[in-house]
Amino acid sequence: MLLLAAAFALWLIPSVGMAQEGEQGVRARVLADDSATDEREPVEGVAVRFFDQGGAELGSEVTDAEGIAEIPLPSPGIYQVEIDPATIPEGLSLPNADEVRREANVQAGRFATVIFQLVVGEGDGGARGTDITLRRVLQLSVDGVKLGLFLGMAAIGLSLIFGTTGLVNFAHAELVTWGMLVAYFFNVLGLSSLFGFTAGWPWILNGPVDLISAALMAVLLGGLLGWAADAGVFARLRRRGTGLIAQMVITIGLSILIRYIYLYMFGGTGRFFRSYAGQQAIAIGPIAVTYKDMIAMTVALVALIGVGLTLQLTRAGRAMRAVSDDRDLAESSGIDVQRVIRWVWVAGAALAALGGVLLGQSDVIRWDVGSQILLLLFAGVILGGLGTAYGALVGSILVGLGIQLSTLFLASELRSIGALMLMIVILLIRPQGIMGRKERVG
Amino acid sequence: MPAETADALAGVPHVPGADKPDPILAVEGMSRSFGGLLAVDVEKVSIQRGLITALIGPNGAGKTTFFNLLTGFDAPDAGTATFDGQAVSGMSSHRLAKMGMVRTFQLTKSLTRLSVIENMKLGARDQKGESFLSALVPFIWRYQEEEIEDRAEALLERFQLSHMRDQYAGTLSGGQRKLLEMARALMAEPTLVMLDEPMAGVNPALTQSLLEHVKGLRTEGITVVFVEHDMDVVRDISDWVVVMSEGRVIFEGPPDVISQDPAVIDAYLGAHHDAPLTEEQEEQRIASAEAELAEKEGEVT
Amino acid sequence: MNWGSILEQTISQAFGVNAMVFAMAVIGLNVHFGYTGLLNFGQIGFVALGGYGLGMSITIFGWNPWLGILMGLVYALIFALLLGVPTLRLRGDYLAIVTIAASEVLRILVRSTTLAEWTGGNTGITGFANAFYQFNPFTERVYDFGPFFFTGPNLFILSIGWPLVLLVTFLVWQLMRSPWGRVVKAIREDEDAARALGKNAYWYKMQSLMLGGVIGGLAGILLAIANSTVQPDYFVPVQTFFMWTALILGGVGRVWSPIVGSMLFWGLLTVTDGVLRGFEAEGWVPRWLMNASQVGQIRFMLVGLGLALLMIYRPQGLFGSREEMMLDAR
């Protein structure tokens with residue numbers, strides 16, 4: 001008897017808070033494809049609203065750890081369930097904008113389940129923002145600044161390479177992808193997966209390592225790639241007297257080559273760093289930020305402050321700014337321009353790689369990140385002024401803000417357009433950008 | 001300065017902004033600043049028709065900027081200009097060229113991958129075949145093209161470039177390119193030719209030939225304005241000199257007078273150009289000219 | 001290894017629809033960059049507009065098919081104007097960036113669900129080609145003669161498209177030999193010199209942009225009819241880069257280069273693809289090095305590498321003269 005009672009009690013306890021037997025209602029379940037484990041994982045924290053057939057709102061819930069949000073209903077019938085795309089975690093989205101609101105046929109005494117299947121990446125649609133609330137504006141602004149900081153890290157190198165050599169480097173975005181792929185390799189696969197014999201060796205030579213060590217390797221190998229690009233290719237082209245347009249076309253060819261090598265080696269699906277997928281967001285005032293994003297932004301800020309200090313205070317940094325500003329003048333004052341250019345490539349690539357790591361852990365790691373952000377990088381650099389480092393950062397932050405805030409007015413599928421149109425408009429009214437020099441332009 | 005042309009400017013006072021009896025180009029209140037720096041601030045200047053006027057001044061005087069403003073390659077912040085009686089302030093270079101003001105460039109702009117004869121034919125004005133729709137119907141422009149080609153060949157003769165007719169302009173030596181640019185400018189049948197440092201980078205052997213061609217322009221009734229650094233050239237061919245310093249015109253007058261003007265001497269520190277050369281100095285001069293020649297041979301040809 | 005089949009595929013591709021569409025689009029690109037020196041990296045946008053203009057006019061608006069062709073060309077013309085007005089006064093590399101950006105904006109717009117009722121969204125537009133195929137005399141399903149292998153509809157569009165390509169090549173050749181062409185080439189060499197001689201450089205560049213753009217639009221119309229569909233995912237930036245590779249391969253600024261370059265490009269791509277797949281099927285390539293699904297990716301790698309190597313070692317392409325290249329200050 002006691003056992004029966006205990007069993008009944010045990011059975012009841014989990015049911016507390018859930019629907020009683022004999023009730024009907026509608027249950028929304030939000031799931032996502034987790035490419036790391038190839039399973040469908042529940043997605044927590046998504047806001048769901050319920051409406052009756054006439055469109056009156058009946059209630060709203062947030063999905064729990066099982067990905068479930070449900071309400072009991074007084075009577076059977078047709079009801080509607082809508083999820084709020086703004087509350088979908090970073091890196092996931094609805095594959096089709098039409099599926100934000102779905103219908104449910106609720107039978108008496110039963111719960112109808114509506115499943116929302118999310119996918120990794122951007123998806124096709126994404127509903128346009130429903131309300132322009134202060135909360136949304138602040139949230140999107142924070143997201144925009146975050147994106148801008150990460151883009152800015154790559155944009156600085158792009159801008160300085162132009163300033164010092166006159167080259168528009170179409171392959172720069174691939175340096176960003178390099179960073180995230182290298183970090184992925186060390187974080188998830190480990191060196192020993194390639195060279196079996198290094199298993200058991202210390203630190204990075206062994207298997208998978210923590211993200212910080214992986215990031216370090218990304219920065220180092222990023223700088224190395226930048227060095228190789230200048231020493232192996234572009235310095236030689238400059239010595240030969242190859243024109244800037246020819247060099248630009250060469251960077252285009254190389255970017256295609258490199259991007260498809262990435263596809264070849266990494267595969268087509270998006271992946272995540274270990275233990276960093278879909279983290280829960282913390283609320284800071286009206287804004288929700290995930291713990292990992294806060295760390296990432298801090299890292300970005302620290303790195304950028306470091307870059308700023310280097311450019312202002314160190315001899316090398318001042319030389320870089322001098323050459324970028326006026327190459328002939330710098331050369332005539334004794335600066336070894338070719339060496340400075342080499343530094344710019346190394347530092348620019350290392351910075352871009354770090355930006356890639358941060359982007360990868362904030363969003364998703366893919367082989368074609370390069371093609372997605374290249375135009376955004378250009379937009380940021382042109383906005384800020386080709387050839388300036390600080391301008392590139394400011395421009396990128398503005399681009400990031402522009403992209404995120406545009407979802408207040410536009411469907412999220414269209415949000416890159418905002419940044420690109422902004423770039424075109426700036427070229428119309430102030431082609432040298434915010435901080436650039438007019439003489440460079442026409 | 002040739003005796004005939006001296007008359008035209010006989011009564012003109014040697015002051016900046018002096019009015020000329022028959023000005024082809026007149027400028028008033030023209031200014032241009034770059035980021036807070038006033039590069040050009042010319043109150044008044046006019047150019048006499050049919051004569052050769054030199055525009056000189058020390059480095060940084062603003063001559064090149066002023067030159068660019070006059071020829072439409074830069075827009076002034078303020079000021080008016082009239083060309084042949086018509087207001088042209090702020091007009092773009094190609095429209096000025098159509099009106100008859102043609103300029104050359106200090107770093108010669110021969111169109112390297114066009115042949116010499118093509119370079120020349122480009123210079124002609126009012127070509128029917130240059131309009132898109134007419135271009136598709138050769139019948140419309142064939143005849144004019146032949147006329148243009150005849151004129152071009154005559155000019156190439158005169159400038160002694162006929163033998164290079166079908167070569168790419170890029171294969172010409174530096175001096176030949178200078179000649180080509182001048183000949184090409186003449187194809188446009190200009191009334192005013194603006195020469196931007198015509199002797200820059202030219203080896204001394206070619207200078208004389210170029211000078212003769214410039215004088216030839218005057219004989220044809222074409223007004224010439226040129227920017228130049230070399231005082232010997234200025235003294236040789238110019239009828240009138242306008243001196244600039246720090247953006248303003250500080251002196252105007254015939255070439256034999258300018259070297260005595262205190263304001264001009266002031267502007268040029270170390271004016272070793274005004275006294276005639278001693279034999280020693282002359283030898284030194286020849287030696288350095290030969291060295292320059294040798295250098296330029298290696299660089300320009 | 002079926003070498004015969006590979007050869008047949010290669011030759012068919014070299015004369016096939018892809019090569020033909022490319023040839024037309026690259027004629028436009030040659031006008032832009034080869035003759036005028038304009039850095040147009042958004043040529044695929046013009047191609048897209050030609051195809052979408054056709055498709056939208058017929059399927060969405062229900063207009064006459066011939067009007068549809070005209071609209072395709074008009075869309076391309078307008079795009080050229082929109083691009084040219086802000087950018088032709090700026091440095092060349094700015095034009096490069098703006099043209100890519102504009103083409104991408106275009107692609108995102110036609111792909112969007114927001115505009116889907118006019119542009120067909122991510123599935124594109126179909127149902128407009130039959131108006132043209134009703135004239136198709138090649139009623140067999142497949143035509144297999146000599147080294148060629150074409151479907152009936154394909155043969156039809158090829159028999160119209162290639163003569164068009166030749167006609168446009170001739171027209172461009174005539175233009176470039178005329179005084180108009182001379183001005184345009186002068187602008188390529190040095191814009192300032194042209195201006196100093198009374199030529200309105202800005203307007204000539206705009207005319208060139210429009211001409212090359214409309215030719216690109218024509219390519220898009222041919223493409224749309226050939227595929228019986230327009231789909232946004234075809235019109236990605238990498239296609240423009242492919243066209244540039246074909247242009248440089250054939251030789252920039254030469255009359256025949258678009259045709260030869262495009263045929264070579266597609267021929268080389270097909271033969272490498274065929275050979276690699278053959279090797280892989282025979283088991284001559286170790287599995288860890290390459291599996292079957294990766295062969296297509298190698299194609300892209302080769303294009304990228306090829307483009308880079310071309311620009312480094314033989315920028316004058318096949319038809320260009322070394323001398324002319326040496327004189328190129330850029």
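This report walks through a predicted model of three chains, A, B and C, starting with how they touch and then looking inside chains A and B.

**How the chains meet**

Let's begin with who touches whom. There are 2 pairs of chains in contact, and chains A and C share the most contacts. Chain A and chain B do not touch, and their nearest C-alpha atoms sit 10 Å apart.

The A–C contact draws on 37 residues from chain A and 40 residues from chain C. On the chain A side, the elements that put in two or more residues are helix 5 (244-266), helix 10 (369-384) and helix 12 (415-429). Helix 5 of chain A is the top contributor to that side, giving 15 residues. Sorted by class, the side of chain A that touches chain C comes out as 30 nonpolar, 5 polar and 2 charged residues.

Chain C also meets chain B, with 25 residues of chain C in contact with 30 residues of chain B. On the chain C side, two or more residues come from each of helix 8 (152-177), helix 9 (179-189), helix 10 (191-196) and helix 11 (201-227). Helix 9 of chain C gives the most here, with 8 residues. The class make-up of the side of chain C that touches chain B is 11 nonpolar, 6 polar and 8 charged residues.

Here are the two sides broken down by class.

| Side | Nonpolar | Polar | Charged |
|---|---|---|---|
| Chain A, touching chain C | 30 residues | 5 residues | 2 residues |
| Chain C, touching chain B | 11 residues | 6 residues | 8 residues |

**Inside chain A**

Chain A splits into domain 1 (22-120) and domain 2 (134-440). The C-alpha centres of these two domains of chain A are 37 Å apart.

Now for some strands of chain A. Strand 3 (residues 47-52) and strand 4 (residues 57-62) of chain A run antiparallel and are joined by 5 bridges. The two make a hairpin with 4 residues between them, and Gly55(A) in the turn has a positive phi of about 100°. Strand 3 of chain A is also joined by 5 bridges to strand 6 (residues 77-83) of chain A, again running antiparallel.

Val48(A) is a handy residue to follow here. Its bridge partner in strand 4 of chain A is Glu61(A), and its bridge partner in strand 6 of chain A is Ile83(A). As a general point, strands of a sheet pair through backbone hydrogen bonds, in either a parallel or an antiparallel way.

**Inside chain B**

Chain B has 12 helices and 10 strands. Of its 301 residues, 42% are buried. Take the contacts in chain B between residues at least 6 apart in sequence: 69% of these join residues at least 24 apart.

One open sheet of chain B has 4 strands in the order 2-1-4-5, with antiparallel pairing. Which strands stand at its edges? They are strand 2 (37-48) and strand 5 (86-87) of chain B; each has a single partner strand, so one side of each is left without a neighbour in the sheet. Strand 5 of chain B pairs with strand 4 (residues 78-83) of chain B in the antiparallel sense over 2 bridges. Within that pairing, Phe83(B) has Gln86(B) in strand 5 of chain B as its bridge partner.

Helix 2 (residues 63-70) of chain B packs on this sheet, where it touches strand 1 (23-34), strand 2 and strand 4 of chain B. The direction of helix 2 of chain B makes about 60° with that of strand 2 of chain B.

Next comes a helix pair. The axes of helix 4 (residues 116-123) and helix 6 (residues 138-158) of chain B come within 9 Å and cross at roughly 115°, and the crossing is right-handed. From helix 4 of chain B, Ile117(B), Met120(B) and Lys121(B) meet Ile148(B), Glu149(B), Ala152(B), Leu155(B) and Leu156(B) of helix 6 of chain B. By class, that contact has 6 nonpolar, no polar and 2 charged residues.

Finally, a look at a single residue. Val257(B) belongs to helix 10 (residues 255-258) of chain B. Why does Val257(B) count as partly exposed? Because Val257(B) has 13 C-beta neighbours inside 10 Å, while the buried class starts at 20 and the exposed class stops at 12. Trp240(B) is 17 residues away from Val257(B) along the chain, and their C-alpha atoms are separated by 9.9 Å.

Methods. Residues are numbered from 1 along each chain as its sequence is written. Chains are lettered from A and ligands numbered from 1 in the order in which they are written. This is a predicted model: local features need pLDDT of at least 70, side-chain atom pairs count only at pLDDT 80 or more; totals for chains, interfaces and linings use all residues. Two residues are in contact if their C-beta atoms, placed from the backbone, lie within 7 Å. Ala, Val, Leu, Ile, Met, Phe, Trp, Tyr, Cys and Pro count as nonpolar, Asp, Glu, Lys and Arg as charged, and the others, Gly among them, as polar. Domain bounds come from an automatic or database domain assignment. Two strands pair if DSSP finds at least two bridges between them. Axes are lines fitted to C-alpha atoms, for helices over the stretch in contact, and angles run from 0 to 180 degrees between N-to-C directions. A crossing is left-handed if the near helix is turned anticlockwise from the far one by less than a right angle, and right-handed if clockwise.
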